Amino acid sequence: MKKSPTKNSSPNTPISRRTFLKVFGAAGATACASSVHPAEAQNSAPKEELMTVLDISKCIGCGECVTACTESNAHKYPTVSKPIPKMFPPRVKVEDWSDKKDVNDRLTPYNWLFIQTAEVEHNGEAHEINIPRRCLHCTNPPCANLCPWGAARKEDTGVVRIHEDICLGGAKCRTVCPWHIPQRQSGAGLYLDLLPRFAGNGTMLKCDRCYDKIAQGEQPACITACPENVQRIGRRSEMITYAKELAAATNGYIYGLEENGGTNTIYVSPVPFDKLNNAIDKGKGKPHLAPVENSMANEETLTSALIAAPIAGVAAGVLKVLSDARKEKNND
């Protein structure tokens, strides 16, 4: 397993204010120049998004998917510089998981998938249901719409991804996510070269559905590793049909088709999700399974997204150039 080393000292060379201002102007111009005209966007037919369906009646809780996820994505995990700067104001707490990478019973910056087990009774029968939990990859994700830095984005494949090289760890994505999925690792990322006591607090991480494998025409690691064929991935329209047919054939229940306006991860269960939600542990790193209204349909949220979008576009350009400058300095 390839793992990123944890650094005990900070080798990062701060980027000067002059460089920052110079980069801001250049990146802003680049962001404007590279934007797509609405007419061009209408003429390009978008590819259908990918959806994953999980038949959780099949899951035996073996954990093969969890192990495969860790091994496949270890090269994406953050490298931490210590000591980690304390944040101002003090209410912003350091979140350090670099010495707890083996925790696998919740979501962490180093564990993007875990299995919850629920023991419930339904129609007079006892059920033990194992539920693989990770990011649901919303079709209209609030994390991507409201990230002030443009670090969280939705791709054409339906993958909702956080670009860790420009993420400042402000955790807006976690705040607006109905399930509070993204997790923060302090002491890593671009903020260390900007204002380490004020600018964010690290980098946010979550399941990116093995976007790099998908780009090569492969399946996510959790799917190929599963011995019970719990998961199936394919075009959204086909997967919706499959999920509905599966639920009808098993008198089952669906979660994710309507939640938060729809997600690209759908669970099919032999028992109702309100019973599962009551039976699972919930809290930090352990998301609920309750119904979720469409957060992006809220007028106030829509207004915030419209205001944030152009600012985030310029910010993403600025931070990308700064990130490249940081990498170049660290490689010298």
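How exposed is Asp-96, in terms of relative accessible area? In the predicted model considered here, Asp-96 is partly exposed, with a relative accessible area of 23%, a value that falls between the 20% under which a residue counts as buried and the 50% over which a residue counts as exposed. The setting of this residue is taken up below, after an account of the chain as a whole.

The secondary structure of the protein chain comprises 10 helices and 10 strands. Of the 332 residues in the chain, 49% are buried, and the chain exposes about 16,800 Å², of which carbon and sulfur atoms supply 52%. Among the contacts with a separation of 6 or more, 70% are accounted for by residues 24 or more positions apart.

The structure holds 10 salt bridges, and two of those described here share Lys-82. In one, Lys-82 is joined to Asp-96, with 3.3 Å between the closest N and O atoms. Both Lys-82 and Asp-96 lie in the loop between helix 3 (64-73) and strand 2 (114-122), so the pair ties together parts that are 14 residues apart in sequence. In the other, Lys-82 forms a salt bridge with Asp-99, and here the closest N and O atoms are 3.1 Å apart. Asp-99 likewise lies in the loop between helix 3 and strand 2, so this second pair ties together parts that are 17 residues apart in sequence. The partners of these bridges carry separate burial assignments: Lys-82 is buried, with a relative accessible area of 16%, Asp-96 is partly exposed at 23%, and Asp-99 counts as exposed at 61% relative accessibility.

A further salt bridge is formed by the side chains of Arg-161 and Glu-155, with an N to O distance of 3.1 Å. Arg-161 is buried, its relative accessible area being 15%, while Glu-155 counts as partly exposed at 23% relative accessibility. Elsewhere, Lys-76, Asp-208 and Asp-212 are linked in a network of salt bridges.

Aromatic side chains contribute three pairs to the structure. For Tyr-77 and Trp-112, the ring centres are 5.4 Å apart and the planes stand at 75°, so the pair is edge-to-face, given that planes over 60 degrees apart are assigned to that class. Tyr-77 and Trp-112 are both located in the loop between helix 3 and strand 2, so the pair ties together parts that are 35 residues apart in sequence. Burial applies to Tyr-77 and to Trp-112 alike. For Tyr-255 and Phe-273, the ring centres are 5.3 Å apart and the planes stand at 35°, so this pair is tilted. Tyr-255 belongs to strand 9 (residues 253-255) and Phe-273 to helix 9 (residues 273-279), and the pair thereby links distant parts of the chain, 18 residues apart. Tyr-255 and Phe-273 are both buried. Tyr-77 and Trp-112 also belong, together with Tyr-110, to one aromatic cluster.

Charged groups are placed over aromatic rings as well. The charged end of Lys-100 sits over the ring of Trp-97, at 4.2 Å from the ring centre, and the charged end of Arg-232 sits over the ring of Tyr-242, at 3.9 Å from the ring centre.

Helix 3, which precedes the loop discussed above, has seven of its 10 residues buried, so the helix is largely enclosed by the rest of the structure. The buried residues are Cys-65, Val-66, Ala-68, Cys-69, Thr-70, Ser-72 and Asn-73. Among the elements that cover them are strand 2, helix 6 (211-215) and helix 7 (221-225).

Asp-281 presents a separate case, in the loop between helix 9 and helix 10 (299-331). Asp-281 counts as exposed, with a relative accessibility of 54%. Along the chain, Asp-281 and Ala-118 are 163 residues apart, and their C-alpha atoms are separated by 8.8 Å. When neighbours within four places in sequence are left aside, the residues in contact with Asp-281 are Gln-116 and Lys-286.

How values were computed
Residues are numbered from 1 along each chain as its sequence is written. This is a predicted model: local features need pLDDT of at least 70, side-chain atom pairs count only at pLDDT 80 or more; totals for chains, interfaces and linings use all residues. Side-chain values use heavy atoms; hydrogens and water are left out. Helices (H or I, at least four residues) and strands (E, at least two) are DSSP runs, numbered from the N terminus. Buried means under 20% relative accessible area, exposed over 50%, partly exposed in between (1.4 Å probe, protein chains only). Contact means heavy atoms within 4.5 Å. Accessible areas come from the Shrake-Rupley method with a 1.4 Å probe; for residues, only the protein chains shown count as cover. A salt bridge is a side-chain nitrogen of Lys or Arg within 4 Å of a carboxyl oxygen of Asp or Glu. Rings of Phe, Tyr and Trp (its six-membered ring) pair if their centres lie within 6.5 Å; planes under 30 degrees apart count as stacked, over 60 as edge-to-face and the rest as tilted. A charge sits over a ring if NZ of Lys or CZ of Arg is within 6 Å of the ring centre and within 35 degrees of the ring normal.
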